[in-house]
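Work through these exercises with the model open. Each task is followed by its solution in steps.

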Amino acid sequence: MLLGKTRFPATFYETYGGNSWITDVPFDLIDVIPEVLRDPDAHLQHLAAQAPAEIEGFEDIAGESRAIRDAVGRAKRAAIRNVSVLLVGESGTGKEMFAQAIHKASNRRHKPMRSVNCAALAKSLLESELFGHTKGAFTGADAERKGLFEVADGGTVFLDEIGECDLETQAKLLRVLQPVTGEGPSVRYIQRLGDDKDRRVDVRIIAATNKDLFAAIRKGEFREDLYYRLAGISISLPPLRDRKTDIPKIAERFLGLLNAQFEADQPGYEHKSLSASAISFVKTQLWQGNVRQLYNALMQAAVLTDGKIIGRKEVAASIAEMPNSSNQLSVALVRPLGDEFDLEEHLNDIRRQYLRRAMEESGGVKAKAARLLGMKNYQTLDAQLKRLGITGNWSTES
């Protein structure tokens, strides 16, 4: 179209249902393309025009930052087509929630959506889970069984951790994802394990990964042709550190869910809320585990807080108990300035990391921990622990 409507003469043909006819393009791209090339970002702003809460199907995705609006805008456009979608993002960025939102925003919303974690199943089990099996196909297959593709006929299959599939499974997926001429982009033909009969299904594919698939392709660990079958539309989900303005709203939503859950378990439970200092604190954290880490920190803080208000110290203590809390220290010196950055509080966070590390390495013996930290006596350490709100079952023995 670009060549035909600008430099070179061309005849355009429209095709449908095996027939074709001469048609005309009712606008001239030569007036449009240069402007798009000059300012491409401006022409993508319409994707970010609405917050997730305003878009049907995406109401559960909290936040209004530009990063999340861009991702939701792409997902919204992808949802109304039957193209495959690849969600790429770090662990904990909400890929499964996005997949569910795309399904709910599509014309398949009234049909089933089925999910499988490709990393959680052995190769033989994954094939059976996806495509089903016949009776006697393998030991323990005492009856025939439909796979997810058949169960989700008319709906959506979500392939989480697609980057973990071995090459043999990738080859079988590639065969299933090959387009069927004249039958639409989501029509597939599958074979159950142990069967040679093709079965027709109409399934939209959404896949997700936290791996760098381009790097995996270069290493020969992932098929390039499969990548392009999966990535009809590719959507990158932003980590929390790129959407810091959303963190307070996400935290409040998570705490609301936790309050409802705890009240259901314990009638009369007093709902908890975050103090202003706690909200400011969660906003400044790096959240290496993204929304999953944030949720777990809030759950732990809500369980361990006696009063109605969760303070900064309770949230900080919850983060310190997590496996990736040590990563906080390694990246502490690159934390962005501004945006309510408080140098003294930041330095106190670093002190807490070292104090906890010393207490762990000393086996909880304060005198030994004090020596590890270069302090003259354990009383100095004890005063620091109290000032910074660090508690534990420790002793003063040398």
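A pocket here is an open set of grid points with protein on both sides within 12 Å along at least five of seven lines. Its volume is the space filled by probe spheres set on the points. The model is predicted.

**Exercise 1. Describe the largest pocket: give its volume and its lining.**

Step 1. Start with the volume. The largest pocket has about 520 Å³.

Step 2. Count the lining. There are 23 residues around the largest pocket. Nearest its centre lie Thr93, Gly94, Lys95, Met97 and Val291.

Step 3. Sort the lining by class. Nine residues are nonpolar, six are polar and eight are charged.

Step 4. Assign helices. At least two lining residues come from each of α4 (95-104), α10 and α12. The top contributor is α4, which gives five residues.

**Exercise 2. Classify the packing of α10 against α12.**

Step 1. Locate the helices. Helix α10 spans residues 247-265, and helix α12 spans residues 290-304.

Step 2. Recall the description. Two packed helices are described by the angle between their axes and the distance between the axes.

Step 3. Read both values. The angle is about 50 degrees and the axes are 10 Å apart. That angle makes α10 oblique to α12.

Step 4. Give the hand. α10 and α12 cross in a right-handed sense.

Step 5. List the contact. From α10 come Ile247, Ile250, Ala251, Phe254, Leu255, Leu258, Gln261 and Phe262. They meet Val291, Leu294, Tyr295, Leu298, Met299, Ala302 and Val303 of α12. By class, this contact of α10 with α12 holds 14 nonpolar residues, one polar and no charged.

**Exercise 3. Do the same analysis for α12 and α13.**

Step 1. Locate the partner. Helix α13 covers residues 312-320.

Step 2. Read the geometry. α12 and α13 pack at about 120 degrees, with axes 8 Å apart.

Step 3. Apply the cut-off. Angles of 65 to 115 degrees count as roughly perpendicular, and those over 145 as roughly antiparallel. α12 and α13 are therefore oblique to each other.

Step 4. Give the hand. The crossing of α12 past α13 is right-handed.

Step 5. List the contact. Gln293, Ala297, Gln300 and Ala301 of α12 meet Glu314, Val315, Ser318 and Ile319 of α13. Four of the residues in the contact of α12 with α13 are nonpolar, three are polar and one is charged.

Methods:
Residues are numbered from 1 along each chain as its sequence is written. This is a predicted model: local features need pLDDT of at least 70, side-chain atom pairs count only at pLDDT 80 or more; totals for chains, interfaces and linings use all residues. Side-chain values use heavy atoms; hydrogens and water are left out. Axes are lines fitted to C-alpha atoms, for helices over the stretch in contact, and angles run from 0 to 180 degrees between N-to-C directions. Helices (H or I, at least four residues) and strands (E, at least two) are DSSP runs, numbered from the N terminus. Angles under 35 degrees count as roughly parallel, over 145 as roughly antiparallel, 65 to 115 as roughly perpendicular and the rest as oblique. A crossing is left-handed if the near helix is turned anticlockwise from the far one by less than a right angle, and right-handed if clockwise. Contact means heavy atoms within 4.5 Å. Ala, Val, Leu, Ile, Met, Phe, Trp, Tyr, Cys and Pro count as nonpolar, Asp, Glu, Lys and Arg as charged, and the others, Gly among them, as polar. On a 1 Å grid over the protein atoms alone, a cavity is a set of points where a 1.4 Å probe fits but cannot get out, and a pocket is an open set with protein on both sides within 12 Å along at least five of seven lines; lining residues have an atom within 4 Å of a point.
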